[in-house]
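Here are my notes on the structure, set out as numbered points. Please keep the display open while reading them.

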Amino acid sequence: MKAEKLKQTKYVFLIGFALLGLVILLTTTLPNSFQYYLTVTEYKDDFEKYKDIEVKLAGHVVPGTIIEDANNAIWKFQVFHEDATMNVYYQGAMPDTFNDEAEVVLTGTFQDEKFVANHVLAKCASRYEEKLDQPLELKTETQN
Amino acid sequence: MEILANYLLHFCLPLGVYAFFASIQAGRTREVTWFRSTLYAQTAFIIFVFSCSALLVGCLLVGKFYMAYVYQYTNSTMPTFYKIAALWGGQNGSLLWWLTILCGYMAVLIWQNRHDRSTLFPYVLTTLSAIQIFFVVLLLFAANPFDTIPYAQLGGFEDGRGLNPLLQNYYMIIHPPSLYLGYVGMSIPFAFGMAALISGKLDNEWVVKIRKWTLTAWFFLSIGNLLGASWAYEVLGWGGYWAWDPVENAAFMPWLTASAFLHSVIIQEKRNMLKVWNMILVLLSFILTLTGTFLTRSGIVSSVHSFAQSDIGTYFLTFLILTIVVSVGFLIYRLEKLESKNTLDSMFSRESAFLLNNLVLVGAAVAVLWGTIFPVISEAVRGVKISIGPPYFNKVMVPIGLILLLLTGIGPMIAWRKTSIEQLKKTFYWPVLTAIAVCVLTTVFYTRHIAVVTSFTFCGFVLATIFLEYKKGIQIRMHALKEGFSQALIRLVRKNERRYGGYIVHFGIVLLFIGFSGAAFKVEKEFQLRAGQAEKLGKYTFRFDEINVDKTPHKEVFTSKFSIWKNDTPFSYAYPAKILYQSQIPGEPPQPGTEVFIKRSMIEDLYFALLSFDETQQTIFVKVVVNPLVQYIWIGGLFLILGTMIVMWPKPKSRKEVTA
């Protein structure tokens, strides 16, 4: 009976150590691996706090603001959330789903009066469902 | 068509509710009339759901553009198979597709068990009916694919917006159905687990019955994940195949817990142990599929794949909470009855190795879940939104993955109950020697990257164990039964599909790890080039030659041409392209698409993606990636699928009877 108990204690220790290892791994890794995720409004509201760190900035592309320099793969555009807008500069690979009004998440920092992105993520094409009410109604009017 | 479909969908609700209560009565009273009545209600339900899906496909094919769903996902110029694929291309249709697959699984299940008079099966139908009811409610009140656009009749809507051109890819036809087959497949083991808890019939019957169902779900989840990775690599991912996006994580988590179950179920079958643990794994796998779906469909987690924010998140959350409360409640209620009398005899036993493998697999699932939901927790607790990116997942999953890889080699080699130190030395002599040799060779000739050296070392170890197991089995047959090599090999696998098919799966896993290790040496750079200008990346020199345009009524294709030299020797040409798809809706800008060019080899892939171009000035911006060892991922995936098919292969009837 005693030997049985000892054996079980060994397993409790094994599982305990495995769990402890996992907790240590998760807790030590997480603080160095996250970025603030902010809408343009939140970013501007607390600008002093975030201006010097790399953040993820979420918003929609302001229609008509995209300027593309195809020779250099440079993109200049504005993003908005509610009433707040932000100028964005980006050089690099642009997702094919990027266009006017696209929902984007930009990774980058604020430099020289604009948000300089080093990565642009646009919603996957499979899921960019719009709320039907308004856009469709407007389109009906234009078609009529 | 849509009116009839709507009626059928409405009829499904009372039918589902009736089947739910009738099956409870069948379980409680064990009266055949209640059981039959449940089956009739379920049969009608299944036929109605199939009809709804067929009618939606009909609407998509015919082009009923006054229906919101048809308008959004098809247009008159789309090829027929993409119109059919639009069934799962959007939120509402994919939910109907989910319910259809569930009904498909249930049709098979009901047919197989139509004469089953055990107490277990009626409660299986109770649980599945509850899931059906949830999906019908969701479809009727929050995401009806048969909704029409009120003003459509006034004019306009002669054509639809069409499935996004980026999705008009053969992966769209096979990847989502595979994933859904995997996701939905987890419902069946869950239903059996719940039935065992409700009925109190907690012997091994339910475990034996769900093994193949779990394997089927796991099989499709594996295919779905691999196809997703391949799609990302070839079409959408700029040279990457896995980004730890919440949607990818949602499919990965149940895969991990189902993998754990497929191992630990062996212990329950052989030693009648880990009954509580197995029950938890089965419940958890289904709960994780719901959690993942809730996270990505509610819009509360930022994902590249996320659906638009909608009401269905609330429905999913309610159902998720209900599922957790009911399943955990029943588990606690039956806990005493589930406890096993057998205990582990030794730390050096197959049981212990499998238990450790289970802990690591579940630990991996917890780590992925933690990284996925931490942004939600952070926002709820601290009011601060954060994003957890690939660095977290890579740092956490590399050590976890390596431990798992090592256990893949250790587990199957240790004896049940107890292994002596002497036996261990004998068993692992050659595998350890192989591992040391691989470690030395990798360090001397390839790299000193610690994770890669460890990965290759463990891969060598596991490969040696697989080789030895096959060698031993074949030699015994050749000597004892006087069979030739190939005959012995084939019969060895056929006589014990589960064991030797499992080794093929493990071989696939080893190849996957070799492929993953290559990511450590991935090199990528973006270049701006004029026609005739050349650049270098690693041992490759590439020259941009020209860009040409090919115009058709529906798209413009801009194809660039590159000449490539490897170590200054002419090697190949590359033709990455950019496509502009014209929209069918007047005034809408064209949708760009990228057609990458991949020069594949077993050593490394050379990957070209055209980012932008100026046709008149003949200048381009191109991304070039050297991706070592990626091919091993796809080959490993094929072995994983092959091995699983061998494991799932039905036994001949006579052998079934004998083993039963």
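Notes on chains A and B

1. The place of B:Leu441 is in helix α15 of chain B, which covers residues 421-445. The model is a predicted one. B:Leu441 also belongs to a nonpolar surface patch of about 1,100 Å². Other members of this patch include B:Tyr429, B:Trp430, B:Ile436 and B:Phe445.

2. Helix α15 of chain B also holds a charged pair, B:Lys425 and B:Glu422, which are three residues apart and so separated by about one helical turn. They form a salt bridge whose closest N and O atoms are 3.7 Å apart. B:Lys425 has 52% relative accessibility and B:Glu422 has 55%. Because the cut-off for exposed is over 50%, B:Lys425 counts as exposed, and B:Glu422 does too.

3. A salt bridge can also join parts of the chain that are distant in sequence, as with B:Glu469 and B:Arg499, which are 30 residues apart. B:Glu469 is in helix α16 (residues 450-480) of chain B, and B:Arg499 is in helix α18 of chain B. Their side chains meet at 2.6 Å, N to O. B:Glu469 is buried, with a relative accessible area of 4%, whereas B:Arg499 is partly exposed at 34%. Elsewhere, salt bridges that share partners join B:Lys201, B:Asp203, B:Glu205 and B:Lys209 into one network.

4. Which residues form a salt bridge that crosses between chains? B:Lys578 pairs with A:Asp96, and the closest N and O atoms are 3.2 Å apart. B:Lys578 is in strand β7 (residues 577-581) of chain B, while A:Asp96 is in the loop between β5 (84-91) and β6 (103-111) of chain A. Both residues are buried. Over all chains, the count of salt bridges comes to 19.

5. Aromatic pairs number 55 over all chains. In one of them, B:Phe11 and B:Phe48 are tilted, with 6.3 Å centre to centre and 50 degrees between the planes. B:Phe11 lies in helix α1 (residues 2-29) of chain B and B:Phe48 in helix α2 (residues 32-62) of chain B, so this pair ties together parts that are 37 residues apart in sequence. B:Phe11 is partly exposed at 49% relative accessible area, and B:Phe48 is partly exposed at 22%.

6. B:Phe513 and B:Phe516 form an edge-to-face pair, with 5.9 Å centre to centre and 70 degrees between the planes. They are three residues apart in helix α18 (residues 497-517) of chain B, so about one helical turn separates them. B:Phe513 is buried, with a relative accessible area of 16%; B:Phe516 is partly exposed at 38%.

7. Is B:Ser378 buried or exposed? At 3% relative accessibility, B:Ser378 counts as buried. B:Ser378 is found in helix α13 (residues 350-382) of chain B. The side chain of B:Ser378 reaches the backbone oxygen of B:Val384 at 2.6 Å. Beyond its neighbours within four places in sequence, B:Ser378 is in contact with B:Gly383, B:Val384 and B:Ile386.

8. Chain A has four helices and seven strands, in the order α-β-α-α-β-β-β-β-β-β-α from the N terminus. Of its 144 residues, 44% are buried. Chain A exposes about 8,100 Å², with carbon and sulfur atoms supplying 55% of that area. Ring pairs link A:Phe34, A:Tyr36, A:Tyr43, A:Phe47, A:Tyr50, A:Phe110 and A:Phe115 into a cluster.

Methods: Residues numbered from 1 in each chain as written. Chains lettered and ligands numbered in written order. Predicted model: local features only at pLDDT ≥ 70, side-chain atom pairs only at ≥ 80, totals over all residues. Heavy atoms only, no water. Patch = residues over 30% accessible without salt bridge, like charges linked within 9 Å, V, L, I, M, F, W, Y side chains within 5 Å. Areas by Shrake-Rupley, 256 points an atom, 1.4 Å probe, with all protein chains shown as cover. Salt bridge = Lys/Arg side-chain N within 4 Å of Asp/Glu carboxyl O. Helix = DSSP H or I, 4+ residues; strand = E, 2+ residues; numbered from the N terminus. Buried < 20%, exposed > 50% of the residue type's maximum accessible area, 1.4 Å probe, protein only. Polar contact = N/O pair within 3.5 Å; in protein donor to acceptor, adjacent residues only side chain to side chain. Contact = heavy atoms within 4.5 Å. Phe/Tyr/Trp six-rings, centres within 6.5 Å; stacked < 30°, edge-to-face > 60°.
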